[in-house]
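Biologist: Could you take a close look at one part of this model for me, namely how its strands pair up? Go slowly, and tell me how that part fits in with the rest.

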Amino acid sequence: MVKSSPSTVAAASEPGAVLAAPLEAPALLVLPGRAGHRCSGGAHSTVGDGRLVCWQPATSARVAVDAELVHTPVPPALGGRWGSTDPLWVWPRWCATECVAKLTDTPIVLLARAGPAGEGPVDTPAGRVSWRVDRVGDLVVVLAVLSPRTS
Ligand SMILES: [Zn+2]
């Protein structure tokens, strides 16, 4: 992981800057579980093993995070629909699709049926969703931000 000096903290309202910020505490936390965790404004994702990922970027924009265990086998139904059972291919796209679902208030089943999110960003009725994919230990983590339509 590349460390950046504190002076590179993202400008408040720039989605690109938010996504370029260093991926480390305190902005990103991976906790043993939800118990005892309190924060306001953080985006959260609960991993299959119970861990909680909390992302607290320096922005007022709407954000989302999704995380999966990178080596979890891909369910056959999902693999069949998306044409791959490779966890290293599916889970980053699944997490990105989950983030688009969260930020656009769209049921994940609808988006998953339509296919995996591409490289992004995607334009939606709610605005433009941009994201980045990272590995944090054994987790694939996608951080996403919604840029509302200005017109
Ligand atoms: Zn939190």
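Modeller: Sure. Two strands count as paired here if DSSP finds at least two bridges between them. Keep in mind that this is a predicted model.

With that rule, let's begin with the three-stranded sheet. It is open, its strands come in the order S1-S3-S2, and the pairing is antiparallel. Strand S1 (28-31) and strand S2 (43-46) are the edges, each pairing on one side only. Going from one neighbour to the next, the strands are turned by 15 degrees on average, ignoring direction. S2 runs antiparallel to strand S3 (residues 52-55), and four bridges link the two. One spot to click on is Thr46, whose bridge partner in S3 is Leu52.

Now the other sheet. This one is also open and antiparallel, with four strands in the order S4-S7-S6-S5. S4 and strand S5 (122-124) sit at its edges, and each of them pairs on one side only. The twist from one strand to the next averages 25 degrees. On one face you'll find a helix: H3 packs on the sheet and touches S4, S5, S6 and S7, with its direction making about 150 degrees with that of S4.

Zoom in on S4 and S7, which pair in the antiparallel sense over eight bridges. You can follow the register from two places: Arg62 has Leu146 of S7 as its bridge partner, and Ala67 stands opposite Val141 in S7. Although S4 is an edge strand, it is mostly covered, with six of its eight residues buried.

What do these strands and H3 have to do with the nonpolar core? The largest such core has 30 residues, and those touching the most other members are Val65, Cys95, Cys99, Val141, Val142, Leu143 and Ala144. Helix H1 (15-20), S3, strand S4 (62-69), helix H3 (87-104), strand S6 (127-136) and strand S7 (139-148) each put in at least two residues. So S3, from the three-stranded sheet, has a share in this core too. H3 gives the most, with nine residues. Nonpolar side chains tend to be buried together in soluble globular proteins.

Cys99 is a handy place to look at the packing. Skipping its neighbours within four places in sequence, it is in contact with Ala64, Asp66, Val129, Trp131, Val142 and Ala144.

Two backbone details are worth checking in the loops. Asp105, in the loop between H3 and H4, isn't a glycine, yet its phi is positive at about 55 degrees. Asp105 counts as exposed because it has 8 C-beta neighbours inside 10 Å, and the cut-off for exposed is 12 or fewer. Pro121 lies in the loop between helix H4 (108-114) and S5; the peptide bond joining Gly120 and Pro121 is cis, with omega about -5 degrees.

Stepping back, the protein has four helices and seven strands, running α-β-β-β-β-α-α-α-β-β-β from the N terminus. The C-alpha trace spans about 45 × 40 × 30 Å along its principal axes. Its radius of gyration is 15 Å, which agrees with the value near 15 Å for a compact globule of 151 residues. Of those residues, 29% count as buried. Among contacts with a separation of 6 or more, 45% are between residues 24 or more positions apart.

Definitions and conventions:
Residues numbered from 1 in each chain as written. Predicted model: local features only at pLDDT ≥ 70, side-chain atom pairs only at ≥ 80, totals over all residues. Axes fitted to C-alpha atoms, helices over the stretch in contact; angles between N-to-C directions. Core = buried A, V, L, I, M, F, W, Y, C linked by C-beta atoms within 7 Å. Buried ≥ 20, exposed ≤ 12 C-beta atoms within 10 Å, placed from the backbone. Contact = placed C-beta atoms within 7 Å. Rg over C-alpha atoms; globule rule 2.2 N^0.38 Å.
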